[in-house]
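Hi,

Here is the structure I said I'd pass on to you. Have a look at it first, then read my notes underneath.

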Amino acid sequence: MQKAGSESNGPANPQWLLAEITYRCPLQCLYCSNPLDFAAYQQELSTDTWLRVLREARALGAVQLGFSGGEPLARKDLEVLVAESRKLGYYSNLITSGIGMDEARLAALKEAGLDHVQISFQASSQEVNDYIGGAKTFEKKMAMARLIKQYDYPMVLNVVLHRHNIDDIASILDMAEALEADYVELANTQYYGWALLNRSYLLPTLEQVEHAKAISQDYQARLQGQMRILYVIPDYYANRPKPCMAGWGSLFMAVAPDGTVLPCHAARQIPGFTFPNVQDMDLRSIWYDSPIFNAFRGDDWMREPCRSCPEKEKDFGGCRCQAFQLTGDAANADPVCDLSPQHDVILQAISAPSSEPVFRTVRHSRELTV
């Protein structure tokens, strides 16, 4: 395993930078993974600071760049950042709800050099889409998805799955086919932030998960060579953890809107660390020397059963953020693993009764019919 500590004997350089340029968002998605106290982070990096961050990450070796949020289109300088990313040689991806986009702005992003657009839907029906997102956006999203294709972008359609839309998987894939999506990501909800708060409302049953998986496989076989479909099962129904971020501090770094640099976008919740900020340190020092990036590199930090597990080279012990939020200790085995001594917390979550949803702002309650 690689050891951390210096450039000569430390980790490989980062390959992927996630630029979370704002937490502002017109939607109120029940499964949002942003921090519960996101409203407390009012300060955003200036354009000049973001340009410096892009240069420093590229100098470190990062080649993949995602512009995310919140809704990145809320930043009026997005085109400036995209143009700089093209100049630096990144492959850039805009991760967007489509809200805040029109043809003039899409043309400007194309001119600036944006490579790729991932647009999200909450469902394939207007009713469910608008309820889950908390705003009437379905028709706007449909129009923007068609426009993305008109501008000859490789288009990724992302739909986060949960109990209230997973049974509509066939109609979701029909919608994706009609929109001529090149790639469809059917990502079951990952339970962080607001999604964790709403877990009992959102978590589907095992039967729902398996049924949706079978349908997605049927569509993939039929549409092979036309549309690629990725179906990501919920962690809670896997018996082994996913290799989160390909290993902590291995390939990935995220920069939050206020300049905090994280090995995972959810890592801010882990206590005991002073999280580095690009306004205080350069990215090279953060990547190689900061305690948070070195905390879970390699396997010296591992406890049993991870330390002696032959699969530790494959899953790296799973997700540190999930281990903390479900067991109270980030160094524990990810409890989704059925070898974990704390695996019972997953079983309890699966069997918990459904509860009412909690939205980011107060909304008029109404029944969701699916």
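Below is what turned up, going from the sheet as a whole to a few of its parts.

Before anything else, keep in mind that this is a predicted model.

**The sheet.** Start with the open sheet, which has nine strands in the order 7-6-5-4-3-2-1-8-9, with mixed pairing. Strand 7 and strand 9 (261–262) are its edge strands, each pairing on one side only. Try finding strand 1 (residues 16–20) next: four bridges join it to strand 8 (residues 252–255), and the two run parallel. One pair to click on is L18 and its bridge partner in strand 8, A254. Helix 1 (residues 47–60) packs on the sheet here, touching strand 1, strand 2 (64–68) and strand 8. The direction of helix 1 makes about 170° with that of strand 1.

**Strand 5.** Now move to strand 5 (residues 155–161), where seven of the seven residues are buried. M155, L157, V159 and L161 point one way, while V156, N158 and V160 point the other way. Strand 5 has parallel partners: five bridges join it to strand 4 (residues 116–121), and six join it to strand 6 (residues 183–188). On the strand 4 side, F121 stands opposite V159; in strand 6, Y183 is the bridge partner of V156. Strand 5, helix 6 (residues 169–178) and strand 6 also make up a right-handed β-α-β unit.

**Helix 9.** This helix (residues 206–222) has 17 residues and spans 25 Å from first C-alpha to last, close to the 24 Å expected. Which of its residues are buried? They are Q208, V209, A212, I215, S216 and Y219. Looking down the axis of helix 9, you'd see these buried residues fall within an arc of 135°, so they line one face of the helix. The general idea is handy here: an α-helix has 3.6 residues a turn, so residues three or four places apart point the same way. On the other side of helix 9, E207, D218 and A221 are exposed. The cover over the buried residues of helix 9 includes helix 6, strand 6 and strand 7 (228–232).

**One residue to zoom in on.** S92 sits in strand 3 (residues 91–96). Is S92 buried or exposed? Its relative accessible area is 0%, and since buried means under 20%, S92 counts as buried. Setting aside neighbours within four places in sequence, S92 is in contact with L65, F67, S85, G113, L114, D115 and H116.

Have fun exploring!

Definitions and conventions
Residues numbered from 1 in each chain as written. Predicted model: local features only at pLDDT ≥ 70, side-chain atom pairs only at ≥ 80, totals over all residues. Heavy atoms only, no water. Buried < 20%, exposed > 50% of the residue type's maximum accessible area, 1.4 Å probe, protein only. Contact = heavy atoms within 4.5 Å. Pairing = 2+ DSSP bridges. Right-handed = clockwise from strand over helix to strand, strands pointing away. Expected span 1.5 Å × (residues − 1). Arc of directions from axis to C-beta. Axes fitted to C-alpha atoms, helices over the stretch in contact; angles between N-to-C directions.
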